[in-house]
Amino acid sequence: MDYHIKDISLADKGLLRIQWAEKDMPVLRQIRERFKKEKPLKGITIGACLHVTTETANLMITLKEGGADVYLTASNPLSTQDDVAAALVKYFEIPVFAIHGEDRDTYYEHLNAVLDKKPNITMDDGADLISLLHKERQDLASNVYGGTEETTTGVIRLKAMAKEKVLKFPVIAVNDAYTKHLFDNRYGTGQSTIDGILRATNRLIAGSKFVVAGYGWCGKGVAMRARGMGADVIITEVDPLKALEAVMDGYRVMPMIEAAKIGDFFVTVTGNINVIDRQHLEVMRDGAIVSNSGHFDVEINLNALQEMAVKTRDIRENVKEYTLKDGRNIYVLAEGRLVNLAAAEGHPAQVMDMSFANQALSAEFVYKNADKLEKTVYKVPDELDFEVARLKLQAMGVQIDTLTPEQVKYLSSWEHGT
């Protein structure tokens, strides 16, 4: 089998962790059981570029049970869990091309290794696989029925491609499903980001000034959890509606240049470049801890910080100390990459259960409807979104009401008034 991982001897540990996560993924488990019987993906090849975690492993196993040939590579050089990669290769015969800490060249070699398998469906977390295909491997596009995308960052890139009419096949924006962004982005990112910061620093959050850049669903989750741990949370925003929402939610809102002067912890979750820039770094307090939970490592201007520093050192695992000319120290976590995956284990299985259920169902939808779909970005069909929510409630033992015929009629009528 063609694969490239760190160490196959890590497989036993990885298998146990995959099984542990699977216990908290009842929705995906139900889909897997149906896929095993129906084989809706039989005969197709899926190329996946996702964080190689225990939850992703369970998605890959589900897709293979559905009949697909599955190939996996990492969507971030620091997000691979090497024991999980080994277990997928050894126990499930799913080829993986990913090594934690791989350099940029190796990262792109791994992307190309998956594209070499000529996938019929792409599955992305950040759109790197699709982007590479469109830039350098366009000959493969005619072989692709469609793709799926997991992240806000990736969806932004893909919508830009669709707007410019360069997107060569349809893509389902899994990120935009309610059962993804309302839960994964908010509760998953909120908990896992705090987890990564704590593992990297072992610093007390209570009583600190905790700056969150961006008040989208991820920012809301991080802010919520930081406040729950006793922090004085400050929000920075460029969107007046989101800024107003943050104020109404009880947070202080101010420009980053002001927040930079008083913050103890900083987390960026915007999907944009240089959100923490040179002018912000110049006024930060001694000991400021800077991290990112957006997809790419561009939100903190690390080049500027490197130019400002007279000395750097790795003071702890996943913590780099930058000493500036005036003696101040600024600490960057996880090289400015996803702190929740580089310094921790990513989102809990309970929320990834819904996100990856959407991925599996969207892959099935793309395959069945490829001839009807245009070369653009689609939301997850409502019926799939609602089905994931229904299965999750069922697994949690939660029951809800249903509309009576009278209520259905009332909601569809214009004749009833005051």
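**Terms and model**

A residue counts as buried when its relative accessible area is under 20%, as exposed over 50%, and as partly exposed in between, using a 1.4 Å probe and protein chains only. Helices (H or I, at least four residues) and strands (E, at least two) are DSSP runs, numbered from the N terminus.

This is a predicted model, in which local features need pLDDT of at least 70 and side-chain atom pairs count only at pLDDT 80 or more, while totals for chains, interfaces and linings use all residues. Residues are numbered from 1 along each chain as its sequence is written, and side-chain values use heavy atoms, with hydrogens and water left out.

**The sheet**

Let's start with the strands. Eight of them form an open sheet with mixed pairing, in the order S9-S8-S7-S10-S11-S14-S13-S12; two strands pair if DSSP finds at least two bridges between them. S9 (252-253) and S12 (309-316) are the edge strands, each with a single partner, so one side of each has no neighbour in the sheet.

Further in, S11 (residues 288-292) and S14 (residues 329-333) run parallel and are joined by three bridges. Ala 288 has Ile 330 of S14 as its bridge partner.

**Two helices to look at**

Helix H15 (residues 349-369) has 21 residues, and 17 of these 21 are buried.

Helix H2 (residues 26-38) has buried residues too: Pro 26, Val 27, Leu 28, Ile 31, Arg 32 and Phe 35. They pack against H1 (11-22), H3 (54-65), H15 and H16 (382-396), where contact means heavy atoms within 4.5 Å. Just after H2, Lys 39 takes a positive phi of about 50 degrees.

Conventions:
The expected span of a helix is 1.5 Å times one less than its number of residues.
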